[in-house]
Amino acid sequence: MDPQPLPPGLYIVATPIGNLGDLSPRAADTLRRADLVLAEDKRVTAKLLGHAGAKAPMANYNDHTSEAERDNIVARLASDAVALVSDAGTPLISD
């Protein structure tokens, strides 16, 4: 049975710092059910998605994301479940 789709919106997903085994079941479920994953670095996130069994498409979201790309992402939030991840830790939270 396919999992139920997530309601449209932004999902901020904390990722493990160092050990993929530390990914929470809820975070893995969100990544599997997301329509799009925004990644700081898609190469790093690809490993995480593989570990979680997620097949959602990815797009880069970082300091180099253009204003037009950001506008497109905001528009997608009305119809898609968009998960935001960083390479390690909670996105948008820094030491």
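This is a short dialogue on reading the cores, helices and largest pocket of a predicted model.

Biologist: What kind of model is this, and what are the ground rules?

Modeller: This is a predicted model: local features need pLDDT of at least 70, side-chain atom pairs count only at pLDDT 80 or more, and totals for chains, interfaces and linings use all residues. Residues are numbered from 1 along each chain as its sequence is written, and side-chain values use heavy atoms, with hydrogens and water left out.

Biologist: Which residues touch the most other members in the largest nonpolar core?

Modeller: Start with the term. A nonpolar core is a set of buried Ala, Val, Leu, Ile, Met, Phe, Trp, Tyr and Cys residues joined through side-chain atoms within 4.5 Å. Buried means under 20% relative accessible area, exposed means over 50%, and partly exposed lies in between (1.4 Å probe, protein chains only). Here the largest core has 15 residues. Val13, Leu23, Leu31, Val37, Leu49, Ala83 and Val85 touch the most other members.

Biologist: Which helices and strands each supply at least two residues of this core?

Modeller: Helices (H or I, at least four residues) and strands (E, at least two) are DSSP runs, numbered from the N terminus. At least two core residues come from each of α1 (25-33), β2 (36-39), α2 (42-52) and β4 (81-85). There is also a second, separate core of 5 residues. Leu38, Ile73, Val82 and Leu84 are among them.

Biologist: Take Val37. What is Val37 in contact with, leaving aside its neighbours within four places in sequence?

Modeller: Contact means heavy atoms within 4.5 Å. With those neighbours set aside, Val37 meets Leu31, Thr45, Leu49, Ala56, Pro57, Met58, Ala59, Ala83 and Val85.

Biologist: On to helices. Why do the buried residues of α2 line one face of the helix?

Modeller: Look down the axis and check the arc, which is that of the directions from the helix axis to the C-beta atoms. In α2 the buried residues are Thr45, Leu48, Leu49 and Ala52. They fall within an arc of 100 degrees, so they line one face of the helix. On the other side of α2, Arg43, Lys47 and Gly50 are exposed. The cover over the buried residues of α2 includes α1, β2, β3 (58-60) and β4. Ala46 is also in α2. At 38% relative accessibility, Ala46 is partly exposed. Its C-alpha atom is 23 Å from that of Pro7, 39 residues apart along the chain.

Biologist: What does Gly53 do just after α2?

Modeller: Gly53 takes a positive phi of about 75 degrees there.

Biologist: Which residues of α1 are buried?

Modeller: Ala27, Ala28, Thr30 and Leu31 are the buried ones. Their arc is within 160 degrees, so they line one face of the helix. Pro25 and Arg26 are exposed on the other side of α1. The buried residues of α1 pack against β1 (9-12), β2, α2 and β4. Thr30 has a relative accessible area of 12%. Leaving aside neighbours within four places in sequence, Thr30 is in contact with Leu6, Tyr11 and Val13.

Biologist: Are Glu69 and Asp71 buried or exposed, or in between?

Modeller: Both sit in helix α3 (residues 67-76). Glu69 is partly exposed at 42% relative accessibility. Asp71 is partly exposed too, with a relative accessible area of 46%. The C-alpha atoms of Glu69 and Ala59 are 9.7 Å apart, with their positions 10 residues apart along the chain. For Asp71 and Asn19, 52 residues apart along the chain, the C-alpha separation is 33 Å.

Biologist: What does Ala88 touch, not counting residues up to four places away in sequence?

Modeller: Ala88 touches Thr15, Pro16 and Ile17. Ala88 lies in the segment after β4. Its relative accessible area is 42%, partly exposed. The C-alpha atoms of Ala88 and Asn19 are separated by 9.7 Å, although they are 69 residues apart along the chain.

Biologist: Last one. How many residues line the largest pocket?

Modeller: Rolling a probe the size of a water molecule over the atoms shows where empty space is left. On a 1 Å grid over the protein atoms alone, a pocket is an open set of points where a 1.4 Å probe fits, with protein on both sides within 12 Å along at least five of seven lines; lining residues have an atom within 4 Å of a point. Here the lining has 13 residues. Glu40, Tyr61, Asn62, Ser86 and Leu92 lie nearest the centre. The lining divides into 6 nonpolar, 4 polar and 3 charged residues. Ala, Val, Leu, Ile, Met, Phe, Trp, Tyr, Cys and Pro count as nonpolar, Asp, Glu, Lys and Arg as charged, and the others, Gly among them, as polar. The largest pocket holds about 230 Å³ of space. That volume is the space filled by probe spheres set on the grid points, which are joined across faces, edges and corners.
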